[in-house]
Amino acid sequence: NENSFIHGLPWSAITFVAGWWGIPWGPIYSIWSLIENSAGGKDVTREVMQAVYASLPAPDPNLPPIIAEAVQPGDRVWVHDYQLALVPELLRQRGLDCPIGFFLHVPFPSAESFRRLPLRDELLRGLLGADLIGFHTYEYVSQFLGCCLRVLGLECEPELIRLPERDVHVAALPVGIDPEEIRRLGTRAEIRNELVELERAY
């Protein structure tokens with residue numbers, strides 16, 4: 001499950017954090033944000049989306065083989081954020097069978113918005129290359145599962161997608177804080193002085 005995957009992740013695991021800048025999710029994410037915030041997306045036409053898609057650079061073909069060659073027996077690959085959305089499936093295509101996790105640090109859109117994207121199938125299949133896909137909230141989990149059903153026709157359980165070759169776990173994994181660090185910061189003189197000023201003002 002997701003807890004054993006995360007808690008068992010060694011510091012030596014291969015971790016890739018952000019920035020495969022050739023990946024086309026960035027402009028696509030901008031489009032779906034516009035759809036979500038523009039009266040049902042009526043201002044964003046299919047022609048506009050296709051024009052943006054046609055202008056995107058091709059993904060860097062060098063990254064998946066570099067990752068695949070670096071992974072050692074017992075490693076886990078933990079992929080972060082939308083720039084690397086296609087990486088899990090590209091690694092599977094290269095025969096990588098180690099555990100792969102993916103965490104999305106931005107909201108996931110509704111199926112109504114997502115299904116209008118030219119890259120909808122590729123993005124979903126890219127993410128489904130992971131064994132565990134994490135989102136900030138259960139709302140985003142639900143919207144991702146809805147996209148898998150409506151776009152790819154995959155039957156989904158509340159936190160599980162059963163593919164022919166393996167199961168993909170989906171979970172809400174909200175980002176937390178370090179309470180002890182917050183308490184420690186609260187004892188600093190400048191912080192206490194700021195608190196006094198806030199209490200005096202409000």
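# A tour of the predicted model

In the protein chain, 73% of the contacts between residues with a separation of 6 or more join residues 24 or more positions apart. The model is predicted. Start with the whole chain on screen: the secondary structure comes to 10 helices and 7 strands. The chain has 202 residues, and 43% of them count as buried. Its accessible surface is about 11,500 Å², with 54% belonging to carbon and sulfur atoms.

**Stop 1: the nonpolar cores**

Select Phe108, Leu124, Leu128, Ile133, Phe135, Phe144 and Ile161. These residues belong to the largest nonpolar core, which has 43 residues, and they touch the most other members. Next, select residues 138–152, which form helix H8; this helix gives the most to the core, with 8 residues. Then move to Trp78, Phe103, Leu132 and Leu173, which are among the 5 residues of a second, separate core.

**Stop 2: Ile133**

Go back to Ile133, one of the core residues just selected. Ile133 sits in strand S4, which covers residues 132–135. Is Ile133 buried or exposed? Ile133 counts as buried because its relative accessible area is 0%. Show the residues around Ile133: leaving out residues up to four places away in sequence, Ile133 touches Phe102, Leu127, Leu128, Phe144, Val168, His169, Val170 and Ala171. Val170 is worth a distance label, as its C-alpha atom is 4.9 Å from that of Ile133, although the two residues are 37 residues apart along the chain.

**Stop 3: Arg92 and Asp131**

Side chains of opposite charge can pair when their charged atoms come close. In this model the count comes to 9 salt bridges. Select Arg92 and Asp131, whose side chains meet in a salt bridge at 2.6 Å, N to O. Arg92 is in helix H5 (residues 87–93) and Asp131 is in the loop between helix H7 (120–127) and S4, so this pair ties together parts that are 39 residues apart in sequence. Both Arg92 and Asp131 are buried. Add Arg166 to the selection: Arg92, Asp131 and Arg166 are linked in a network of salt bridges.

**Stop 4: two further salt bridges**

Select Arg162 and Asp167. They form a salt bridge in which the closest N and O atoms are 2.9 Å apart. Arg162 is partly exposed, with a relative accessible area of 48%, and Asp167 is also partly exposed, at 30% relative accessibility.

Now select residues 179–186, helix H9. Within it, Arg183 forms a salt bridge with Glu180, with the closest N and O atoms 2.6 Å apart. How many residues apart are Arg183 and Glu180 in helix H9? They are 3 residues apart, and therefore separated by about one helical turn. Arg183 counts as exposed at 52% relative accessibility, and Glu180 is exposed with a relative accessible area of 53%.

**Stop 5: Asp75**

Finish at Asp75, in the loop between helix H4 (63–70) and strand S2 (77–80). Asp75 is buried yet has no salt bridge. Which side chain of opposite charge is nearest to Asp75? That is Arg76, 7.9 Å away; a salt bridge needs a side-chain nitrogen within 4 Å of a carboxyl oxygen, so a pair at this distance does not count. To see what does approach Asp75, show the backbone of Gln72: its nitrogen lies 2.8 Å from a polar atom of the Asp75 side chain.

Key. Residues are numbered from 1 along each chain as its sequence is written. This is a predicted model: local features need pLDDT of at least 70, side-chain atom pairs count only at pLDDT 80 or more; totals for chains, interfaces and linings use all residues. Side-chain values use heavy atoms; hydrogens and water are left out. Helices (H or I, at least four residues) and strands (E, at least two) are DSSP runs, numbered from the N terminus. Buried means under 20% relative accessible area, exposed over 50%, partly exposed in between (1.4 Å probe, protein chains only). Contact means heavy atoms within 4.5 Å. Accessible areas come from the Shrake-Rupley method with a 1.4 Å probe; for residues, only the protein chains shown count as cover. A nonpolar core is a set of buried Ala, Val, Leu, Ile, Met, Phe, Trp, Tyr and Cys residues joined through side-chain atoms within 4.5 Å. Lys and Arg count as positive and Asp and Glu as negative; His and the chain ends are not counted. A polar contact is a pair of N or O atoms within 3.5 Å; within protein, one must be able to donate a hydrogen and the other to accept it, and residues adjacent in sequence count only if both atoms are side-chain atoms.
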